[in-house]
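Here is a short report on one protein chain. Begin with the sequence and the structure below.

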Amino acid sequence: MAELSQISLLSYINVTLMNYFLILELPKGIQALVVERVAGNSFTDLYGLRATCKSMKALAERRRVNHFYDVLSVPRRLNMPPELFKNCYAERNPSTLYMKGVQFFFTFNLQEEGLAFMKLAADEGYEHAVYTYAMTRKIFWGDEEYFCKTRSRPSRPRTKPYVVRSIH
């Protein structure tokens, strides 16, 4: 995703929504949901939101927010602290479960454990995991059971559709 060419969610909140209402006027539960959705949208936006005020910083530092990060979307220039990765894993973050699954399956040759992690992430709706899990099952075992889930409505909009071509 080209973050520079798109208007970030935080900019949208600051420019558009702030003209109509202040986010701090919303109930705390709704504010927490906004922070969680911002975390799922962009790591950069979350840290920008944290910088807006003490209340947002406190909400962004809750452990529950770690469940919503997409650790694969963290910009490479920001080295993700190992502690943050551990916290995300502890919150059963789908992207960390996916990463563990791929690592176990393809690097450590622990196929059963790796596939279990990928399935957990796929069941949470993490798109990378849904695709990888379905293709891994198809390639290694000829199983097409999970393919119906790859055609379902994605959990969040994609900018570009996946293209899968046959190698035969």
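## Contacts and overall make-up

Take contacts between residues at least 6 apart in sequence: 54% of them join residues at least 24 apart. The model behind this figure is predicted.

The protein has 9 helices and 0 strands. Read from the N terminus, its elements run α-α-α-α-α-α-α-α-α. The chain has 168 residues, and 34% of them count as buried. About 11100 Å² is exposed. Carbon and sulfur atoms supply 57% of that area.

## Two nonpolar cores

In soluble globular proteins, nonpolar side chains tend to be buried together. Here the largest nonpolar core has 18 residues. Val 35, Ala 39, Leu 46, Met 56 and Tyr 69 have the most contacts inside this core. Four helices each supply at least two of its residues: helix 2 (28-41), helix 3 (43-50), helix 4 (54-60) and helix 5 (82-90). Helix 2 gives the most, with 4 residues.

Which residues does Leu 46 touch, once its neighbours within four places in sequence are left aside? Leu 46 is in contact with Val 35, Val 38, Ala 39, Ala 60, Val 65 and Tyr 69. Another core lies apart from the largest one. This other core has 16 residues, among them Leu 97, Phe 117, Tyr 126 and Ala 134.

## Thr 136 in helix 8

Thr 136 sits in helix 8, which spans residues 127-141. Is Thr 136 buried or exposed? Its relative accessible area is 5%, so Thr 136 is buried, the cut-off being under 20%. The side chain of Thr 136 reaches back to the backbone oxygen of Thr 132, at 2.6 Å.

Beyond its neighbours within four places in sequence, Thr 136 has further contacts. They are Phe 105, Phe 106, Leu 115, Met 118 and Trp 141.

## A nonpolar surface patch

Two of these partners, Phe 106 and Trp 141, also belong to a nonpolar patch on the surface. Ile 139 and Phe 140 complete the patch. Together the four residues have about 460 Å² of accessible area. Helix 8 gives the most to the patch, with 3 residues.

Phe 106 lies in helix 6 (residues 94-107). Its relative accessibility is 45%, so Phe 106 counts as partly exposed. That class falls between the 20% and 50% cut-offs. Phe 106 thus appears twice: as a contact of buried Thr 136, and as a member of the surface patch.

Methods: Residues numbered from 1 in each chain as written. Predicted model: local features only at pLDDT ≥ 70, side-chain atom pairs only at ≥ 80, totals over all residues. Heavy atoms only, no water. Buried < 20%, exposed > 50% of the residue type's maximum accessible area, 1.4 Å probe, protein only. Polar contact = N/O pair within 3.5 Å; in protein donor to acceptor, adjacent residues only side chain to side chain. Contact = heavy atoms within 4.5 Å. Patch = residues over 30% accessible without salt bridge, like charges linked within 9 Å, V, L, I, M, F, W, Y side chains within 5 Å. Areas by Shrake-Rupley, 256 points an atom, 1.4 Å probe, with all protein chains shown as cover. Salt bridge = Lys/Arg side-chain N within 4 Å of Asp/Glu carboxyl O. Core = buried A, V, L, I, M, F, W, Y, C linked by side-chain atoms within 4.5 Å.
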